[in-house]
Structure formats: structure tokens, C-alpha cells
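Here are some notes from a reading of the model, set out as numbered points for a colleague who wants to check them against the coordinates.

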Amino acid sequence: MSASQPASPPPPAVAPPDPIAVALRGDGWRVRTGPFAYRLRSNVPAVLDGLRRLYGNYPAAGADDFIDFDVEVRRSGGWRRFLRAQARFRFEGSQSFEPLPVAHGFAMLEWAMNWCISSHVNHHLLIHSAVVERGGRAVILPAPPGSGKSTLCAALVHRGWRLLSDEIAVVPLQAEGLLPVVRPVSLKNQSIDIIAAFEPTARFSRPAHGTSKGTVAHMMAPPAHVARMDEPAPAAWIVFPRWRPGAEVSLRPRGRAETLVDLARNSFNAGTLGLAGFDRLARLVDGCACHDFEYSRLDDAIACFDRLAGEAP
Amino acid sequence: MSSGLSGDLLTPLWRASALPPLTLPQWALLISQARQARLLARLATTLQDRGELPAVPEAPRRYLEGALATAERQRNQVRWEIDRLRVALADIDGPIVLLKGGAYVAAALPPARGRLFGDIDFMVPQAQLPAVEGSLLAGGWTHQSLDPYDDRYYRRWMHELPPFKHVWRHTWLDVHHTITPPTSRHAVEAAPLFAAAVPVPGLPRFAVLAPCDMVLHSAAHVMLDGELPHGLRDLLDLDDLLRHFGARDPGFWPALAERAAALKLDPLLMLALRQLEHITGTVAPPSVASSFVPLARPRPWARSLLARVLRPMHPSCDDPSTRCARRLWYIRSHYLRMRPLQLAGHLGRKAATRLLTRVGLRRET
């Protein structure tokens with residue numbers, strides 16, 4: 001190249017190879033979420049997109065670490081892919097769910113990651129509930145779908161409460177503190193817009209429309225909360241939330257016996273754990289103040305939870 | 001489970017006297033293989049018995065301990081289910097013989113420990129099937145919606161009714177009238193089995209097969225089952241039974257040889273014993289070894305096929321030869337179970353159904 005020629009323009013920037021994309025299509029992307037490590041493999045674009053948006057801050061599990069769950073979400077092959085492309089979830093090589101449209105791939109991955117825990121972990125007591133913490137004390141929010149549990153949880157974690165989990169309370173049988181499984185918060189239908197309006201900085205996965213639960217999007221767990229995934233928190237409250245249109249906020253005490261029965265009903269494995277599970281549930285309930293909670297406006301709900309956190313233990 | 005980690009870590013364990021040193025990724029692979037083979041609890045009890053469980057690194061150990069809790073829970077559920085059967089079948093005359101897992105739990109036999117259960121199996125005389133089916137339907141069990149072909153397949157050609165599922169407890173139940181399909185070349189007449197069955201202490205309404213018959217049923221089940229997802233587990237059950245009965249009764253092995261010949265199940269037993277020799281090292285005692293030799297010897301191809309089929313159903317153990325072996329085994333087991341024309345019709349029908357499902361003309365069931 002002679003000096004008289006004008007300097008050639010720099011070559012177009014080639015995006016550096018995305019490590020998640022490379023690993024996901026290859027030997028697997030190993031990610032740790034609190035006590036559980038996953039190896040994820042996928043060739044579904046929605047999965048890669050969701051992981052890029054929401055999992056950028058997660059610690060990788062090393063090649064020498066124990067991997068709890070080996071998960072694959074794959075585009076199904078055959079000529080059907082041209083008509084109606086589907087994503088299939090495989091766990092350790094066997095298919096466990098019905099296939100879903102490829103556009104639902106990331107939602108499927110999130111459900112699959114929860115399923116891995118709820119179906120295979122029997123060394124901790126597991127309760128279907130959200131868990132958030134403030135001032136070193138955690139509140140367990142067990143509730144059936146439709147009760148507004150995830151919406152409340154998503155709002156709380158943007159107002160000073162730390163996210164432990166949106167789906168599963170992990171209660172160690174011996175130790176006191178609940179273990180965080182910090183993962184994105186699953187939001188459905190109008191909850192997505194409500195939280196987007198409530199907290200403009202919240203980040204979401206691309207919504208999956210027309211799933212069995214309607215439109216689903218996952219909200220990113222705040223990076224500061226992800227960074228604290230190894231910090232357990234003892235439970236201080238058990239609050240059964242219920243969203244009712246127009247309801248004034250109300251927090252009413254709840255009987256311990258009733259709470260124990262309802263928690264057992266919301267537990268994935270209290271039955272399997274037998275006496276050890278029952279004892280742990282009883283100890284958990286004994287250590288907590290129990291409430292029924294009703295709300296319609298998130299701001300009122302937050303104020304009520306903040307008052308709760310301010311009370312002396 | 002890191003790159004390049006593959007191979008069957010599970011099968012060699014039952015023969016070894018101690019665990020080899022394993023890295024954490026190897027532990028993860030072993031747990032995963034054991035989980036898919038439904039042998040996680042069994043692995044845990046084996047390590048417990050050898051005193052090795054406390055030395056297992058914490059992460060994998062927790063899954064092993066969790067599996068022990070699951071197995072314990074399932075044993076309780078099986079006991080409860082047997083009790084519910086006692087109530088549901090109160091009006092049925094004649095013997096009710098528990099088979100497989102249910103029998104191991106009821107009679108407190110070694111395979112019950114560390115075993116995970118899919119369903120409960122029992123056997124009644126064929127003449128009693130309509131009455132039993134009626135009582136079960138009245139007691140809350142139903143048949144899952146089967147297509148009419150599958151329903152006929154069970155009733156005409158198999159040694160069992162279509163499976164039952166309880167409407168509340170969601171537990172599965174299989175009702176047999178003998179231990180092998182009547183159309184197979186290893187068909188077994190049920191009367192001698194009922195005649196030899198032994199009552200279960202504490203469960204007056206139930207019996208279990210006599211030791212030799214129980215062993216033969218276990219062996220026949222492995223060898224005639226086409227899918228074999230739990231083949232290794234079933235072989236380990238067989239191993240437990242052989243060791244248990246062999247140690248308690250010096251007459252057990254000679255009686256087994258005799259009974260196998262009488263029921264014409266000796267080729268299946270031999271094939272199973274050959275495989276066990278490789279997997280656990282269990283062999284017939286020298287004093288009776290001769291009574292097993294003259295029996296029909298398994299062909300080498302059947303043995304090597306079976307060794308592949310018995311690998312854990314796990315991607316890390318899969319290679320083209322394993323996949324091919326599973327196909328061949330599927331065909332072989334059907335060949336052993338049915339007459340040629342019937343087999344051709346059945347496989348053709350299955351293939352057509354699969355094709356129709358694939359192209360969307362038929363719903364997946």
C-alpha cells in the first residue's frame with residue numbers, strides 16, 4: 001500500500017463472537033443461579049435473545065463444577081419446521097413437555113428451569129411462592145396463579161426489597177435462611193404493562209404471545225440482587241397476597257395452623273420429605289408472622305410492606 | 001457433564017467393590033444417568049451399604065439423599081395402595097398375587113429398598129378378570145382413553161388388562177392373569193404359579209409368587225420387554241432376589257433350574273444370568289452350575305445386543321450402535337411375544353399410526 005493513497009476506511013466492525021451464542025450452540029452455556037447450576041443448550045433464537053437480555057450478569061459455572069441440570073431447548077427438525085416451527089425441551093435427553101412454538105422458546109426455558117428444581121430437588125423443602133427480603137428478613141408470598149404474586153414481587157424488588165425468587169422458596173432442612181434462586185420474574189398479560197409503567201428502568205424479555213398463560217414476558221432480576229445470590233435470608237413473614245380490583249389495602253393476621261396447611265398445599269415436596277418436611281414446615285411457620293393481604297394499587301401495597309419491614313422483629 | 005464427558009459410568013458400578021475417583025462433572029453425569037435409569041435411589045442404597053455415601057461430595061450427595069427420601073415415600077404409597085386394593089377387591093374370590101415392586105414391598109424383599117415405583121402389578125386367575133375389572137372401576141380406577149386397537153391388543157393378546165389409573169390418587173395399576181404374553185413362545189400356564197404362590201404375612205388377602213417363580217418372572221420381564229427403559233433396574237432386582245433366596249435356602253438354585261425347565265423359561269433365565277454375570281458378577285454356585293449349562297445357551301449376538309440395550313437411556317451413552325440395538329431389541333421382543341402374522345400386522349399398524357400422527361392427521365396420545 002503506497003503512502004500516496006488515502007487511508008482505507010477501517011474494516012466494518014465485526015461483532016466479537018458472542019460467548020453465550022457460541023456456548024449455547026456448542027457444548028452448553030453453564031450458568032449458576034444460587035444453589036443450582038445449569039448447562040443450557042439451544043438453537044432457538046428466542047432463547048438466545050432472552051438469555052442475552054436477562055442473564056448478562058449471572059456468574060458462569062466452571063467446567064469443573066457440578067452441574068445440577070442439563071437442559072436443551074431445540075428447534076424440532078423434519079419438514080414441519082417450515083410450516084410451524086416448534087421448540088422442544090429435553091432434560092437429560094428425554095423430552096418432558098409438549099413442544100411449543102419457537103417464539104415461546106425463552107418462556108419455555110424458564111418454565112423448564114423451574115421444573116428441574118420442582119421435580120428433582122428433595123434435599124430442600126420447596127414451596128411454590130415468591131420470596132423477597134429487606135433488612136435481613138424475608139417474606140414468603142405463596143399464592144395460586146392469578147393472585148398477583150409475581151406482579152407484587154416485581155414491584156417490591158424495584159422499591160428496596162431484594163429478590164430471592166419469584167417462583168420457589170427454597171427452605172434448607174437444617175439451616176435457617178431461605179436460599180435465593182434469583183431468576184427473572186415471570187409476568188403475564190396486563191401485569192407486563194403495569195410493571196413497565198411502574199418502573200420504567202425495568203427490562204424484559206421479548207413477550208411470548210398466545211401461550212397457555214396468555215402473553216408472557218420475563219422481567220430481569222436487578223443485577224445487585226443477582227450479585228447477592230449466595231446470601232440466604234431467614235423468613236420473618238408469610239403473606240398470602242390477593243389482588244382484587246378496587247380493594248383497599250388490608251393486612252390481616254392469619255392462623256398458624258391454617259397457614260401450615262396452605263403452605264403444605266403449595267409445597268412441591270413436603271409429602272415426599274415426610275416427617276422431615278412436616279417438621280421443617282412447622283418450624284418455618286413458628287418463626288413467622290402470618291398474614292392475608294389484599295390490594296389493588298401497587299403503591300399502597302409497597303407502603304404496607306415497608307411498614308411491615310419497619311416493625312420490630 | 002463437560003465437553004467430551006461421555007460413556008456409561010453407571011453400569012460398571014454394580015460390579016466394582018468401591019467407587020472410582022470421580023470429578024464433579026463426572027458425578028453430575030453419573031447422577032444424571034442414574035436418574036434416567038430410575039436407579040438414583042438404588043445407587044444411594046448401594047453406596048450406603050458400602051459405607052461410601054458420606055465420602056461423596058456434597059453436591060451429588062444431596063441428590064442421592066433426596067432419592068432415598070423419595071424411595072421411602074414411594075414405599076409408603078405402595079403399602080397404602082395395596083391396602084386400598086384390599087378394600088376394593090374384598091368381594092373377589094380366589095388368590096390375588098402381587099407382582100414385581102408391590103410384591104417386593106409387601107414381602108419385605110431386598111429389591112424394595114431403594115426402588116422407585118411406576119405402578120402396582122398383581123395377578124388373578126383369568127376367569128376372575130371381569131369381576132376384578134368391575135370392582136376396580138367401582139373403586140375409582142379407570143382406563144386411560146385407549147384407542148380401540150390398543151384396547152383389543154391388551155385384551156386379546158397380552159397377559160394383562162389395559163392399565164388402570166386411579167382418579168384421585170393418579171396411581172397406576174396393571175392386572176395380569178399370567179407372567180408372560182399367552183401368544184409368546186414363552187407362554188406360561190398360570191395354574192402352577194397360583195398353586196405355588198405364598199401368602200404374605202400380615203396381608204391376609206394377598207400372596208406373592210414362590211421364590212423360583214418370582215425370579216423367573218423377573219428374568220422373563222427383562223427379556224421380553226421391548227422398550228427396556230428400566231432394563232438395568234429390573235436386572236438389579238433380579239440380582240437382589242437371586243442373592244437373597246440363594247443365601248437363605250441351599251435348595252434354591254437346583255429348584256430354580258428345575259422350575260425354569262418345567263416352565264420352559266430356561267433360555268430367558270440363561271440370557272439374564274449371562275448379563276448379570278457381566279453386570280454384578282452374580283453366578284450360579286459351582287454345585288449347580290452344571291444344571292444350567294445344558295440348557296439352551298444364549299446366542300452371542302443376543303448377549304451383545306442386550307448389553308447395548310441395557311445402557312442407561314442417556315445421550316452420553318448413545319451411539320449409533322446403541323440406537324440400532326434398541327430398534328433390533330424392540331423387534332426381537334415382539335418376535336418373541338407374538339406369532340409372525342400377528343406381529344407383522346401389529347408393527348404395520350403402529351408404523352401407520354405414527355405416520356398419521358406425524359403428518360398431523362391423528363392427535364398425539
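The points below go from the overall build of one chain to its sheet, its helix packing and its contact with a second chain.

1. The model is predicted, and the remarks that follow should be read with that in mind. Chain A contains 10 helices and 16 strands. Its radius of gyration is 22 Å, close to the 20 Å given by the globule rule for 313 residues, and chain A is therefore as compact as a globular protein of that length. Along the principal axes, the C-alpha trace of chain A spans about 85 × 45 × 40 Å.

2. One sheet in chain A deserves a separate description: it is open, it is made of 3 strands in the order β11-β13-β12, and its pairing is antiparallel. The strands β11 (185-188) and β12 (208-211) of chain A stand at the edges with a single partner strand each, so one side of each has no neighbour in the sheet. From one strand to the next, the twist averages 35°.

3. Within that sheet, β11(A) pairs with β13 (residues 214-219) of chain A in the antiparallel sense, over 4 bridges. A reader who wishes to inspect the register may start from Leu187(A), whose bridge partner in β13(A) is Ala217(A).

4. Two helices of chain A lie across strands of this sheet, and they are best described one by one. Helix α4 (residues 105-120) of chain A lies across β11, β12 and β13 of chain A, and runs at about 70° to β12(A). Helix α6 (residues 190-198) of chain A lies across β11 and β13 of chain A, where the angle to β11(A) is about 115°.

5. Helix α6(A) also takes part in a helix pair, since the axes of α5(A) and α6(A) come within 10 Å and cross at roughly 15°. With angles under 35 degrees counted as roughly parallel, α5(A) is therefore roughly parallel to α6(A). Their crossing is right-handed. On the α5(A) side the contact involves Ser150(A), Thr151(A), Ala154(A) and Ala155(A), which meet Ser191(A), Ile194(A), Ile195(A) and Phe198(A) in α6(A). By class, the residues of the contact of α5(A) with α6(A) are 5 nonpolar and 3 polar, with no charged residue.

6. Helix α5 (residues 149-157) of chain A packs as well on helix α10 (residues 298-310) of chain A, at an angle of about 65° and with the axes 10 Å apart. This angle makes α5(A) roughly perpendicular to α10(A), and α5(A) passes α10(A) in a right-handed crossing. Here Leu152(A), Ala155(A) and Leu156(A) in α5(A) meet Leu298(A), Ala301(A), Ile302(A) and Phe305(A) in α10(A). The residues of this contact comprise 7 nonpolar, no polar and no charged. Ala155(A) is named in the contact with α10(A) and also in the contact with α6(A).

7. Which parts of chain B supply the side that touches chain A? In this interface, 23 residues of chain B are in contact with 18 residues of chain A. Helices α1 (24-36) and α3 (58-88) of chain B each supply at least two residues of that side of chain B, and α3(B) gives the most, with 9 residues. The side of chain B that touches chain A is mixed in class, with 10 nonpolar, 8 polar and 5 charged residues.

Technical notes:
Residues are numbered from 1 along each chain as its sequence is written. Chains are lettered from A and ligands numbered from 1 in the order in which they are written. This is a predicted model: local features need pLDDT of at least 70, side-chain atom pairs count only at pLDDT 80 or more; totals for chains, interfaces and linings use all residues. Two strands pair if DSSP finds at least two bridges between them. Axes are lines fitted to C-alpha atoms, for helices over the stretch in contact, and angles run from 0 to 180 degrees between N-to-C directions. Two residues are in contact if their C-beta atoms, placed from the backbone, lie within 7 Å. Angles under 35 degrees count as roughly parallel, over 145 as roughly antiparallel, 65 to 115 as roughly perpendicular and the rest as oblique. A crossing is left-handed if the near helix is turned anticlockwise from the far one by less than a right angle, and right-handed if clockwise. Ala, Val, Leu, Ile, Met, Phe, Trp, Tyr, Cys and Pro count as nonpolar, Asp, Glu, Lys and Arg as charged, and the others, Gly among them, as polar. The radius of gyration is taken over C-alpha atoms; the globule rule is 2.2 Å times the number of residues to the power 0.38.
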